[in-house]
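Got the viewer open? Here's a short tour, one selection at a time.

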Amino acid sequence: PSCLQITTLINHKDKPKRSDKTLQAIQRVGQAVNLAVGRFVTVGEAIANENHELKEEMSVACIEARRAGETIAQLTDVASLDHPESDSHITIFTDKTGVVKAARLLLSSVTKVLVLADRIVIKQIITSRNKVLATMDQLEKVSSFQEFVQIFSQFGNEMVEFAHLTGDRQNDLKDEKKKARMAASRAVLEKCTMMLLTASKTCLRHPDCESARINKDGVFHRMRLALEQVIEIVTDSRPNGENEMAPISIYSGIREFKNKVEGLRENLYFLSKENLSTMLEVILEHTEDFTDSAYTSHEHREHILELSKQAKMELEQLVSVWMQAQNQKTKDLMEDLEVAILKTCQCMNDLKREVHGAATSLAADLLKYHTDHMVLKALKITGVEGNLEAVAEYTCKLSEQKEQLVEMCRLLRHVSGTEPLEITCIHAEDTFQVTGPQIISAAETLALHPSSKIAKENLEVFCEAWESQLSDMSLLLREINDVFEGRRGEKRVYLSLPRPGKHNANLKALKPVKLDTEEQAKIAKLGLELHLLTADVDSETEKWEDQENEIVQHGQGMSSMAYSMYLFTRGEGLLKTTQDLFHQAEIFATEGTKLASALHALSDQVHDDKPLLLLEAEKLISMCKQLQITAKASAQGKSATFTKVDACILKTRNVMTLLCQLLPLCCKLLRKNKAGNGCLKPAPPWKEDRIRTGTNARTPERRVDTFGIKSLENHVTNMTFLESK
């Protein structure tokens, strides 16, 4: 926001005269910059005080930033400008050069603060990882339950800290690919933490059991790999300087191939025919994953082979016309080239559709077939019975199931459509590959010790991880289909975004409209005010101890939506058109109405300030109704549409202003009502708070789950030593 404000100041139109109204607007922007810098520097100074090795550098950068912000505020202060009293118009700046210098200094110092803070965060994550690894080494070597419980309690606390740090980092990542890899690694750590607990307990209870030792070793190994991958992502490095190999899929190959083919329309000489032929060969090699698979249907296999053959023929025809066009650029040849380009691209689209159908139909069939988890149930029953022969039979069936699911993941990766989804498919494949043998070793341990409660619990934990991954695959399949059908272009989007055919039957017929640069400039101040209000609301909701409270959840949802609307005013974010904005405004108003209902429910529980609370609730309902009416009103033409946009943002800002007043009031009333139990938590130090930027702070995934910490604590609390007796 500060960069946008500074740009507005620097790029103002250099007219010799400006009205008082314009100068006052400029003064407000200058003050907003100074205020934002002041907040920013306060955090930077707190960081400096807690990290002595960078204190001097950080302090200097903070001082420079504060000085530059104050300079900008002074240079945009209307009171400091000379102007004749007889003239209603005045000179905009006495010293524009000074503002430019101050802006450069400000951006430079702010960047330095960010870089230094980032170094500290990375150091924190590495230090936290090292503590976790050290405690894991101790856990691996313990020989008694009592010692294990003490160390595991420490391990749990360290994992909680690591979860918070990596969760914030995941939100801060701009690269969707890295974000997906981080999410996959954290998912492994989340599940493995529970597995480590039960696998270690089983090994302690049955120290001479080889299958129990194998089971435990597998968990420790996987956790160490996941911890290492987190550090690779955070430090942007690979072990031994290796380059990361990007997964190659049929979709990405086809996309690149089509781009090259269509590029021939603009330039006939930018690549060679050998390059195109090689690209097609690579794509067709990958289709062999489908044609060679035992799980691909005969019909799909035949169609893929036919389309592969046709693609070669279309490329030969394209190359022939292309070579002729290079020698003689006639109208007829260019028309023939256009036809060849269209036919080649159409053939690739047909191939893409066919492999997509083959992968998704296989996935749907397998997920439906394995939804009853019969093999897992049979393993649990035969294990408790101590029936080694039956356990061996069902472990073979589980191995077959694992191979089917691994193959399914490999094929889905080819048609996933986006890099984050490709990474999710790879993660799922790894999970099935590793969890299958772990279930088998856990089942064998139970069969050898059928009366062991801990061995039974251990098998349950691994089976739950398998079932959870199958459930995740259903969601993944849905996302892949959504991307293919054009319903979703990104892995994660805000849930209230309109989807064709779902929220509005005529949505496809609507002409998408975006704000142009001039309109964005007009609405920038209003958008900025909305942004500042979302920050205030977030600050208030974070003070609540009970984050599951209905009022808090509605407030967080409204803040997320308001932030999306702010990003729209800048031409950023997931709201791409005015229709998206209007729909978001409707959803925002609906959420506000739900909040009002929660306020009414709260009023029945409290005695103090009840009339005030009811009055504010009614005011909120009225504001939300007005916003809904505005959002649903028709607007024809560019001017009317912009007026409607302006009105929606303005009414949203008014609701957010009221929300800023309501949240502290509700928390105060609840605190009184609980008679000292407290609903407020103390303000956290900077390093426990979330250093949030841009969209990351308010996207739906900002509330990062921390490894199922409550269930982890419950496991530690409920641990008993009955079996050690």
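On this tour, "buried" means under 20% relative accessible area. By that cut-off, Cys209 counts as buried, at 7% relative accessibility. Keep in mind that you're looking at a predicted model.

With Cys209 selected, add Cys203, which is buried too, with a relative accessible area of 12%. Why is there no bond between the sulfurs of Cys203 and Cys209? A disulfide needs the sulfur atoms within 2.5 Å, and the sulfur of Cys203 sits 7.8 Å from the one in Cys209, its closest cysteine sulfur, so that's too far for a bond. Don't bother hunting elsewhere: a search of the whole structure turns up 0 disulfides.

Next, show helix α5 (residues 145-172) together with helix α7 (residues 210-235). The two pack at an angle of about 35°, and their axes are 12 Å apart. The crossing of α5 past α7 is left-handed.

Now turn on side chains where these helices touch. From α5, pick Phe155, Met159, Phe162, Thr166 and Arg169; they meet Met223, Leu227, Val230 and Val234 of α7. What kinds of residues make up the contact of α5 with α7? It's 7 nonpolar, 1 polar and 1 charged.

Last stop: jump to the loop between α11 (331-369) and α12 (374-385) and select His373. Check the backbone there: His373 has a positive phi, about 55°, even though it isn't a glycine. Is His373 buried or exposed? With 18% relative accessibility, His373 counts as buried.

Definitions and conventions
Residues are numbered from 1 along each chain as its sequence is written. This is a predicted model: local features need pLDDT of at least 70, side-chain atom pairs count only at pLDDT 80 or more; totals for chains, interfaces and linings use all residues. Side-chain values use heavy atoms; hydrogens and water are left out. Axes are lines fitted to C-alpha atoms, for helices over the stretch in contact, and angles run from 0 to 180 degrees between N-to-C directions. Helices (H or I, at least four residues) and strands (E, at least two) are DSSP runs, numbered from the N terminus. A crossing is left-handed if the near helix is turned anticlockwise from the far one by less than a right angle, and right-handed if clockwise. Contact means heavy atoms within 4.5 Å. Ala, Val, Leu, Ile, Met, Phe, Trp, Tyr, Cys and Pro count as nonpolar, Asp, Glu, Lys and Arg as charged, and the others, Gly among them, as polar. Buried means under 20% relative accessible area, exposed over 50%, partly exposed in between (1.4 Å probe, protein chains only).
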